[in-house]
Structures are given as structure tokens and as C-alpha cells.
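Take a look at the fold below. The questions that follow go through its sheets, helices and a few single residues.

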Amino acid sequence: MNVLLLGSGGREHAMAWSIAKSDRLDELFIAPGNPGTAQVGTNVDLDLSEFDKILAFIEENNISLTVVGPEKPLVNGITDFLEEKGHKVFGPSKVAAQLEGSKKFANEFMKENRIPTADFQTYSRDEFDKALKVIKSKDEYPVVLKADGLAGGKGVFICESAEEVEKRLNDLKEDERFKEAAQKLVVEEFLRGDEASVFVISDGKTAKILHYAQDHKRIGEGDTGLNTGGMGAYCPTPVIGDRMLQRVEKEVVLPTISAMLLDENPYKGILYCGLMITEEGPKVVEFNCRLGDPEAQAVLPSLESDFLDLMDAAVNEQLNTKEVKIDDKYRCCVVMASDGYPLDYEKGKEITGIDDVAEDALVFHAGTKAKDGKIYSDGGRVLSVVGAGDSLKDSIKKTYAEVKKIDFENKYYRSDIGTKGLKYIS
């Protein structure tokens, strides 16, 4: 098979690395890719918003399967566009991708189908003052504010006071970054418990759990500070045991896939279930229509099944014939970022030490660029370092030993990734 993978982040490097291991692969192209993906395939200079040029490349290069990494092209309908031209795509349709593309759509879908989630209210852009008034009258904090649309992981605010609500509402209204995403506002009840991410692969009729992990969204140690796209992850998370995983499948996964099928919008691709494990059981915090970043960097190396084979089966509605196999290792993924992220940060810092990392550890590129044989920082989240161990403690220790070998000016990383999980393990 010739495969085209769309995307350029750490998730896509992990996906490319995983696809490249398949015996079924002939050629792998990544668009636009990064210096890491260039090590396992051929990078192609394509803009993910230019569907016609992507189509032309697919037809010129006899691409058997297009795999969509990031959410934006999916929400914008790339799957529908390419399928209408007779090409196979791994990723949900435009309507199905609204589970991530619109918080309002997702919440109303869950309410209608009795999928456990937080209580919520939705407001239009000209009703932000009304939202503030309602929140103040309830006087229940923390409260969660969400921009309805895609905001690169930065459109969710957990507010501890009326003053903070007012500030964040103003940010959503005035900040150019949220111009499109915050046309509507979703106000949610704050769920208490432990977060977990469950990753599902579906062919529209059959759904199978790939793996489960715990992400670390906040920029600061001890889960403090601003939300980011994710500062690290580990898997499997002991927050979810066998019985809880069965509940997630029964109460969240199967009702979601079944309801989408009944609505004539079958969900094909990866479904990311962002959960809060509360005292009452699992509740959905968010759905994503693709693999998480940085969870993919921890989850995919744990997959013993052929990832390309699973995706091909999902596209051809034959997932029921496949088995998902996971190894028995724990994995910890630490994101090395540019200091200042998720706000302002400097780029162009030379990165050293990647070649010194142990053979049994993995380094996935995200915000990097290559120039004259050297690698430089080129984004907020720069690299992901992944280590494996027979225990969670061992995987954390191994990962940080490798992180310390890599250096660049203004590097920043959290030193507590995975430690939340240790309290569940005696």
C-alpha cells in the first residue's frame, strides 16, 4: 500500500513511525511532515487546507489510503471530499467530526443519547453578558468555559471566581485567536475526579478500544497554570481498571457509535473519549475525532497489532475480523516545550543530544525544523520523549533520564508527568 499521512506534529511522527513498521506498506508520504517523519517516510510540501492539491497528489502517486492526523481538515470535510472522488480515507466524515468541531453539537448529542457528561448551557456570541449574569447568580465555582469551535486546545478555561469568568469571557470575545471558535460559548459544570483518555478505533459498526492513557493539560507542575495542547502523558493509566473500562465501553463507546450509525452518520476512524472518572462513574469531558497529542506518542508504541492493517480494516468495514493487541509495558511521554508556551515563546534554538538518547527510548518531533544538518526549535511543543518500563515508576524514571540528554536554549518541561498514577499503585 502507498499511504499518505496528513499532519506535521508529534502525533503524526508517532503515527508515521507506527505505519512504517507495517509489512503491508510500500511507500509512506507525510504532508507536510517534520524532520522526524522524514526519517520514516517522504515529506511532501502540501497545505492541508488545499484539498484539490492533496487530491492531485493522491492520484499522481497511486495512494491506497489517506490517513488524517489533525482535527481541522476532518472538521472541514476532507474525508467527504476525497471519498466522493473514489479515494479511501481513515478519519470521520464532516458531520461525524462535529463531535470535536462543535462543543454544542457534542453536548446536545450526549444529552439526547443519555451518554454521561457535565450539565451545560450554550450561549451565542452576543449573549456573553447574559452568561456572566447567570454564572454570577449561581455562584458555584469552579465553572468551565469552552469556545464552541476548534481552538488548538486553548479554548477551555476553568474559572475559580466571577472575576476570572469575566476576564476569560472578554478573552474569548476580543482575542483574535478565538474569533472563529468562540461564535458560541458552552458553560459547563466542573466535574471532579480523575481524567483519563480512552482511544477507540471504529469502522462505523464495530468499535474496539485501542488503549487508555492519562494526559497532563496544564502548563505547570501539579496541574497548575494555563491549559495547553498537552505537556505529557502515560499509559496505561491505573485510574481505569478492567471494570471501569467495561463501563466506559458500555456507557460511552457503544452508545456513541450506535447513535451515530442510527443517525446515518457512521463514525469511522479514531474516537478519543476524554473522560472524568467521577464517584458516579465515567463522564465525558470531550470527544476528539483523532488521536490525542501527546497520548499517541505513548499509546502507539504499545500497540502490537499492525496499525496500518487496523486502519485499512476500519475503512473497509472489516474491523470485526481484527484483534487489537497491546504489550504489557508502561510508557511515559514527556513534552519538551519552548519556555513561554502556550503564550509567547522564541523559536530557532539549536537542539542537541537527540542522538544520545538510548535505543529503547523514542523521540518524536513536533515543533522542529532542519537546516544545514542541524535541528532547531520551531514551535511551542518541540519534542516528545517516550520511555518504557515494566512498572509506571520505571517508565517515568527511564523517560526523564533521556529527557536530560536533550538540550536547547529556553527548553521547558514538567518534571511530574505520570506521578498522579503512582498513588493508585501500591
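## Sheets, helices and loops

In this predicted model, one open sheet has 4 strands in the order β6-β9-β7-β8, with antiparallel pairing.

Q: Which strands are the edge strands of the sheet with the order β6-β9-β7-β8?
A: An edge strand pairs on one side only. The twist of this sheet averages 20 degrees from one strand to the next. The edge strands are β6 (120–124) and β8 (156–159).

Q: Which residue in β8 stands opposite K146?
A: Strand β7 (residues 143–147) is joined to β8 by 4 bridges. The two strands run antiparallel. Opposite K146 in β8 stands V156.

Q: What angle does the direction of helix α6 make with that of β9?
A: Helix α6 (residues 103–112) packs on the sheet. It touches β6, β7 and β9 (184–189). Its direction and that of β9 make an angle of about 45 degrees.

Q: At what angle to β8 does helix α8 run?
A: Helix α8 spans residues 162–174. It lies across β7, β8 and β9. Relative to β8, its angle is about 165 degrees.

Q: Is T117 buried or exposed?
A: T117 sits in the loop between α6 and β6. Its relative accessibility is 15%. The cut-off for buried is under 20%, so T117 counts as buried.

Q: Which residue offers the backbone oxygen that the side chain of T117 reaches at 2.6 Å?
A: Leaving aside neighbours within four places in sequence, T117 is in contact with N107, M110, K283 and V284. The side chain of T117 reaches a backbone oxygen at 2.6 Å. That oxygen belongs to V284.

Q: How are α1 and α11 oriented to each other?
A: The axes of helix α1 (residues 10–20) and helix α11 (residues 307–315) come within 7 Å. They cross at roughly 95 degrees. Angles of 65 to 115 degrees count as roughly perpendicular. The two helices are therefore roughly perpendicular.

Q: How many charged residues are in the contact of α1 with α11?
A: From α1, M15, S18 and I19 meet F307, L308 and M311 in α11. The residues of this contact include 5 nonpolar and 1 polar. The number of charged residues is none.

Q: How many of the 9 residues of α11 are buried?
A: Helix α11 is mostly covered. Among the buried residues are D309 and D312, as well as L310 and V315. The count is 9 of 9.

Q: Which residue has a side-chain oxygen within 3.0 Å of the backbone nitrogen of L308?
A: This approach is at the start of α11. After the helix comes E317, with a positive phi near 55 degrees. At the start, the side-chain oxygen comes from D306.

Q: How many of the 9 residues of strand β17 are buried?
A: Strand β17 covers residues 330–338. It pairs in the antiparallel sense with strand β14 (residues 232–235) over 4 bridges. There, C235 stands opposite R331. In β17, the buried count is 8 of 9.

Q: Which residue in β22 is the bridge partner of M336?
A: Strand β22 (residues 381–389) runs antiparallel to β17. The two are joined by 8 bridges. The partner of M336 is L383.

Q: Which residue in β23 is the bridge partner of A337?
A: β17 and β23 run antiparallel. They are joined by 2 bridges. The partner of A337 is Y412.

Q: How far apart in space are G418 and L392, C-alpha to C-alpha?
A: G418 is in the loop between β23 (411–412) and α13 (419–422). It is buried, with a relative accessible area of 0%. Its contacts, leaving aside neighbours within four places in sequence, are H216, Y234, L392 and I396. G418 and L392 are 26 residues apart in sequence, and their distance in space is 7.5 Å.

Q: Why do β18 and β20 each have one side without a neighbour in their sheet?
A: The open sheet of 3 strands has the order β18-β21-β20, with antiparallel pairing. β18 (350–351) and β20 (368–371) stand at its edges. One side of each is left without a neighbour because each has a single partner strand.

Q: Which residue in β21 stands opposite I351?
A: Strand β21 (residues 374–377) runs antiparallel to β18. The pair is joined by 2 bridges. Opposite I351 stands I375.

Definitions and conventions:
Residues are numbered from 1 along each chain as its sequence is written. This is a predicted model: local features need pLDDT of at least 70, side-chain atom pairs count only at pLDDT 80 or more; totals for chains, interfaces and linings use all residues. Side-chain values use heavy atoms; hydrogens and water are left out. Axes are lines fitted to C-alpha atoms, for helices over the stretch in contact, and angles run from 0 to 180 degrees between N-to-C directions. Angles under 35 degrees count as roughly parallel, over 145 as roughly antiparallel, 65 to 115 as roughly perpendicular and the rest as oblique. Contact means heavy atoms within 4.5 Å. Ala, Val, Leu, Ile, Met, Phe, Trp, Tyr, Cys and Pro count as nonpolar, Asp, Glu, Lys and Arg as charged, and the others, Gly among them, as polar. Two strands pair if DSSP finds at least two bridges between them. Buried means under 20% relative accessible area, exposed over 50%, partly exposed in between (1.4 Å probe, protein chains only). A polar contact is a pair of N or O atoms within 3.5 Å; within protein, one must be able to donate a hydrogen and the other to accept it, and residues adjacent in sequence count only if both atoms are side-chain atoms.
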